[in-house]
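Me: Could you take a close look at the aromatic side chains here and walk me through their surroundings? I'd enjoy one connected account rather than a list.

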Amino acid sequence: ITVSADEIQRYYDAQKLKKYVEAPSQVQVRRILFKISDVQPQEPVMQRAEQVRSELLKNPKDFAKVAKEQSEDKDSAANGGLLPYFAKGERNEAFERKSFLLKQEGDISDLFRTPEGIEFVQLVSKKPIKYTPLADVKKEIEQTLLHQA
């Protein structure tokens, strides 16, 4: 019994997302947060956030500067709102969704609500999903297919 290179390639392609992910897709964003307490009315905070966002849509390059001045997340604000790279499953669901939906570096999200308050993000960079190279798992796949045959 032999296994062809095509069979190995087909198995690898079919199992890539399940078995051969070396590192998940990740994004890095800048964030501006406007905190809201449970007793505070939300509308004035939303208006302020929308005003800041509208100004940044005209001048996206100012995001870091404005984050330092306006964001109420003091840790990231000190660094221009910059957060470390993260993958899906590592942050609040709404935060992740808005961050991963951004297409181009410099794009700015809509406003969204998180447990911390009202916020929006700017895409800094994306790292694509990284797979284990076929060459590294070829023998393992061949053994699996021989066993199945």
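Reply: Happy to! Let's start with Lys16, which lies over the face of Tyr131, 4.5 Å from the centre of the ring. Please keep in mind that this is a predicted model. A second charge over a ring comes from Arg91: its charged end sits over Phe95, at 5.0 Å from the ring centre.

Phe95 is a good way into the aromatic part proper, as one aromatic cluster is made up of Phe86, Phe95, Phe100 and Phe112. The structure has five aromatic pairs, and two of them deserve a closer look.

One is formed by Phe63 and Phe120, edge-to-face, with 5.7 Å from centre to centre and 85° between the planes. Phe63 belongs to helix α3 (residues 63-70) and Phe120 to strand β5, so this pair ties together parts that are 57 residues apart in sequence. Both Phe63 and Phe120 are buried.

Phe86 and Phe100 make the other, also edge-to-face, with centres 6.0 Å apart and planes at 85°. Here strand β3 supplies Phe86 and helix α5 supplies Phe100, so the parts tied together are 14 residues apart in sequence. Phe86 and Phe100 are buried too.

Now for the helix that carries Phe100. Helix α5 covers residues 93-101, and its buried residues are Ala94, Phe95, Glu96, Ser99 and Phe100. An α-helix has 3.6 residues a turn, so residues three or four places apart point the same way. The buried residues of α5 pack against four strands: β2 (26-35), β3 (86-87), β4 (112-114) and β5 (117-127). At the N-terminal end of α5, Asn92 acts as a cap, with a side-chain oxygen 2.9 Å from the backbone nitrogen of Ala94.

Those strands bring us to the sheet. The sheet is open, with four strands in the order β3-β2-β5-β4 and antiparallel pairing. Its edges are β3 and β4, each of which pairs on one side only. Between β4 and β5, which run antiparallel, there are three bridges; Arg113 stands opposite Ile118 of β5. Helix α3 packs on this sheet as well, touching β2 and β5, and its direction makes about 40° with that of β2.

Put together, the rings give you a route through this part: Phe63 links α3 to β5 through Phe120, while Phe100 links α5 to β3 through Phe86. If you have the model open, Phe95 is a handy place to begin, being a member of the cluster and the ring beneath the charged end of Arg91.

Technical notes. Residues are numbered from 1 along each chain as its sequence is written. This is a predicted model: local features need pLDDT of at least 70, side-chain atom pairs count only at pLDDT 80 or more; totals for chains, interfaces and linings use all residues. Side-chain values use heavy atoms; hydrogens and water are left out. Buried means under 20% relative accessible area, exposed over 50%, partly exposed in between (1.4 Å probe, protein chains only). Helices (H or I, at least four residues) and strands (E, at least two) are DSSP runs, numbered from the N terminus. Contact means heavy atoms within 4.5 Å. A polar contact is a pair of N or O atoms within 3.5 Å; within protein, one must be able to donate a hydrogen and the other to accept it, and residues adjacent in sequence count only if both atoms are side-chain atoms. Rings of Phe, Tyr and Trp (its six-membered ring) pair if their centres lie within 6.5 Å; planes under 30 degrees apart count as stacked, over 60 as edge-to-face and the rest as tilted. A charge sits over a ring if NZ of Lys or CZ of Arg is within 6 Å of the ring centre and within 35 degrees of the ring normal. Two strands pair if DSSP finds at least two bridges between them. Axes are lines fitted to C-alpha atoms, for helices over the stretch in contact, and angles run from 0 to 180 degrees between N-to-C directions.
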